[in-house]
Amino acid sequence: MMSDITLGQFFPGNSPLHRIDPRMKLILTILYIVVVFMADTIVSVLAVLLLSVLLIPVGNIPLRTVLKSMKPLLFIMIFTGLINLFWTKDGILVCSFWIIEIYSAGIVQAIFIIVRIAALLLGSTMLISYTTSPIALTDGMEQLLAPLSRIKIPVHDFAMMMTIALRFIPTLIEETDKIMSAQKARGADFSTGSIIKRAKALIPIFIPLFLSCIRRADELAVAMECRCYNGGKGKTRMNVLHYKALDFAALALVIVAGVLVFFVNKVPLPVFLLTK
Amino acid sequence: METAIELVDVSFVYGTGTVFRTDALSGVSVKIAKGRVSGIIGHTGSGKSTMVQMMNGLIKPTSGSVRLFGEDIFADKKKLRDIRFRVGLVFQYPEYQLFEETVYKDIAYGPTNMKLDEKEIERRVKKAASLVGLDEDLFSKSPFELSGGQKRRVAIAGIMAMEPEVLVLDEPASGLDPVGRKDIFKAILDFRDATGGTVVIVSHSMEDMASYADDIIVMNHGKCFVSGCKEEVFKKADELCKMGLDVPQITSLMTRLRAMGMEIPEGIYTVEDAAKALLPLLLQKAGGGGV
């Protein structure tokens with residue numbers, strides 16, 4: 001039931017991808033997106049996609065999981081592909097019927113755009129969603145954005161709020177589940193009747209849930225206070241992040257990929273593979 | 001003896017097809033006898049809570065069937081709601097599910113869902129409140145103003161007011177002081193005596209089970225380790241200890257005294273029984289000493 005909802009798509013593991021410093025992963029993701037947009041011929045963008053596909057075995061993520069999570073975005077990919085297919089009027093006329101004319105450049109452009117979206121999604125999810133725990137991610141974000149605190153942006157507070165929110169999502173899901181079961185045991189009925197009746201049926205769930213949220217928040221605040229929490233000032237960490245050789249190797253790899261893409265872009269292509 | 005609830009070769013698997021796959025229950029077959037108090041005991045994660053949620057159809061077993069007086073409760077989905085009125089389930093920490101403005105309305109929530117008429121609801125609320133020992137002065141109060149023990153009793157009364165044939169309670173006394181515990185168990189036994197219903201109690205405490213249960217089901221790692229009347233179950237004291245479940249302290253004390261050569265009968269689970277068995281022995285000793 002509700003326990004089937006997974007938070008993000010984090011897949012615990014110990015692969016090289018998992019071990020990269022979260023700060024470096026954020027930087028790498030930005031660089032990777034730059035590389036994807038640098039690739040502007042079909043050959044180079046395919047090369048980038050191949051690269052990101054290789055990340056799947058490196059990160060040790062089951063192929064099925066990856067494909068399943070790409071499914072909701074399939075519609076956007078196909079839709080953009082079709083628009084490009086019909087609206088690009090360049091190259092050789094391949095076929096035409098009624099008002100639709102399909103040109104060779106259109107086909108290439110459609111494939112190009114689909115591959116680009118796929119590469120963009122696959123690479124960034126492999127780097128961030130699958131292999132970085134949400135907590136590590138907020139940690140990395142906080143430290144990357146730390147310089148902003150000099151211009152009075154409460155970076156630490158935002159990060160702490162995000163961490164607490166993430167921490168409590170599973171707890172609250174479990175709590176909701178429990179309260180729903182308990183009220184069902186007393187004959188509550190959530191699935192029949194008019195809209196107003198159904199909305200009213202939710203009161204026995206929301207009131208205990210709100211109460212428990214407030215109770216938990218109160219307990220957490222007291223517990224934090226007891227450990228002398230007073231914001232980010234002077235706070236040290238249990239797990240101090242250090243850049244390791246692996247991080248620089250990953251950085252070098254992405255830069256090399258960028259350079260390669262630059263040269264592959266220059267490779268002359270036969271006419272039918274040109275986009276415009 | 002008539003069987004109230006029967007689990008037949010029941011299994012339950014969480015998160016099939018993911019890395020988090022766990023077997024909560026595997027191949028459990030147990031019978032709950034009608035009119036008796038059955039205790040389910042076991043460690044955290046032994047499948048107790050999953051098992052009790054199956055008894056009123058909140059969780060559907062992955063395989064196997066659950067029978068209430070012989071009929072499969074999952075046979076007709078539309079009847080599940082009626083099953084929940086016939087098998088009343090009190091969750092752990094039930095006071096966290098209170099939500100109404102007044103104590104009366106909260107106890108009446110279940111009976112109202114049963115579409116009973118005003119008069120019958122009032123009769124049931126009053127009866128349930130008196131069973132758990134709640135004063136009628138409290139009826140107009142908000143349940144959130146009450147003490148922890150009172151809240152717990154309101155929540156339990158809310159289930160009792162549905163007058164279920166089987167009352168199932170998950171750790172009904174956890175987190176209460178000794179007096180509160182006694183009151184809760186007394187209320188449960190009173191309910192059984194007043195309605196002739198069947199009671200199932202989940203608990204960690206062997207002491208409580210020894211005092212209040214007739215039959216005991218011991219769960220271990222999603223399997224039923226042993227079940228039967230408490231005398232039989234406590235005979236396996238050695239194995240229970242190996243599992244990390246203790247027999248009542250007084251029972252192990254009696255076992256040790258017997259090992260030391262005192263003539264104490266087997267099957268002593270409560271301090272009262274122990275006193276009854278020891279007193280004549282001590283008097284005899286005092287007399288034999290030739291005072």
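**Two chains, surface first**

In this predicted model, chain A has an accessible surface of about 16800 Å², and carbon and sulfur atoms account for 73% of that area. Chain B exposes about 14100 Å², with carbon and sulfur supplying 52%. As for burial, 37% of the 276 residues in chain A are buried, while in chain B the figure is 51% of 291 residues.

On secondary structure, chain A is built from 11 helices and 2 strands. Walking along the sequence, the order is α-α-α-α-α-β-β-α-α-α-α-α-α. The radius of gyration of chain A is 25 Å, well over the 19 Å that the globule rule gives for 276 residues, so chain A is more spread out than a compact globule. Its C-alpha atoms fill a box of roughly 70 × 55 × 35 Å along the principal axes. Among chain A contacts with a separation of 6 or more, 76% link residues 24 or more positions apart. As for charge, chain A carries 26 positive and 16 negative charges, and the mean positions of the two sets sit 1 Å apart.

Chain B brings 11 helices and 10 strands. Here the globule rule does fine: a compact globule of 291 residues would have a radius of gyration near 19 Å, and the 21 Å of chain B agrees with that. The C-alpha box for chain B is roughly 70 × 55 × 35 Å, again taken along the principal axes. Of the chain B contacts with a separation of 6 or more, 63% are between residues 24 or more positions apart. Chain B holds 37 positive and 41 negative charges, whose mean positions are 3 Å apart.

Zooming in on chain A, helix 4 (residues 63-70) has A:Val66, A:Ser69 and A:Met70 buried. These three cover an arc of only 105° around the axis, which puts them on the same side of helix 4 of chain A. Cover for these buried residues of helix 4 includes helix 3 (42-59), helix 5 (74-87) and helix 6 (104-129), all of chain A. Flip to the face of helix 4 turned away from the buried side, and the exposed residues A:Arg64, A:Leu67 and A:Lys68 show up.

Further along chain A, A:Ser181 sits in helix 8 (residues 155-185). A:Ser181 has a relative accessible area of 8%, under the 20% cut-off, so A:Ser181 counts as buried. Leaving aside residues up to four places away in sequence, A:Ser181 touches B:Gln53, B:Leu58 and B:Phe91.

Notes. Residues numbered from 1 in each chain as written. Chains lettered and ligands numbered in written order. Predicted model: local features only at pLDDT ≥ 70, side-chain atom pairs only at ≥ 80, totals over all residues. Heavy atoms only, no water. Helix = DSSP H or I, 4+ residues; strand = E, 2+ residues; numbered from the N terminus. Rg over C-alpha atoms; globule rule 2.2 N^0.38 Å. Buried < 20%, exposed > 50% of the residue type's maximum accessible area, 1.4 Å probe, protein only. Contact = heavy atoms within 4.5 Å. Areas by Shrake-Rupley, 256 points an atom, 1.4 Å probe, with all protein chains shown as cover. Lys, Arg positive; Asp, Glu negative; His and termini not counted. Charge placed at Lys NZ, Arg CZ, Asp CG, Glu CD. Arc of directions from axis to C-beta.
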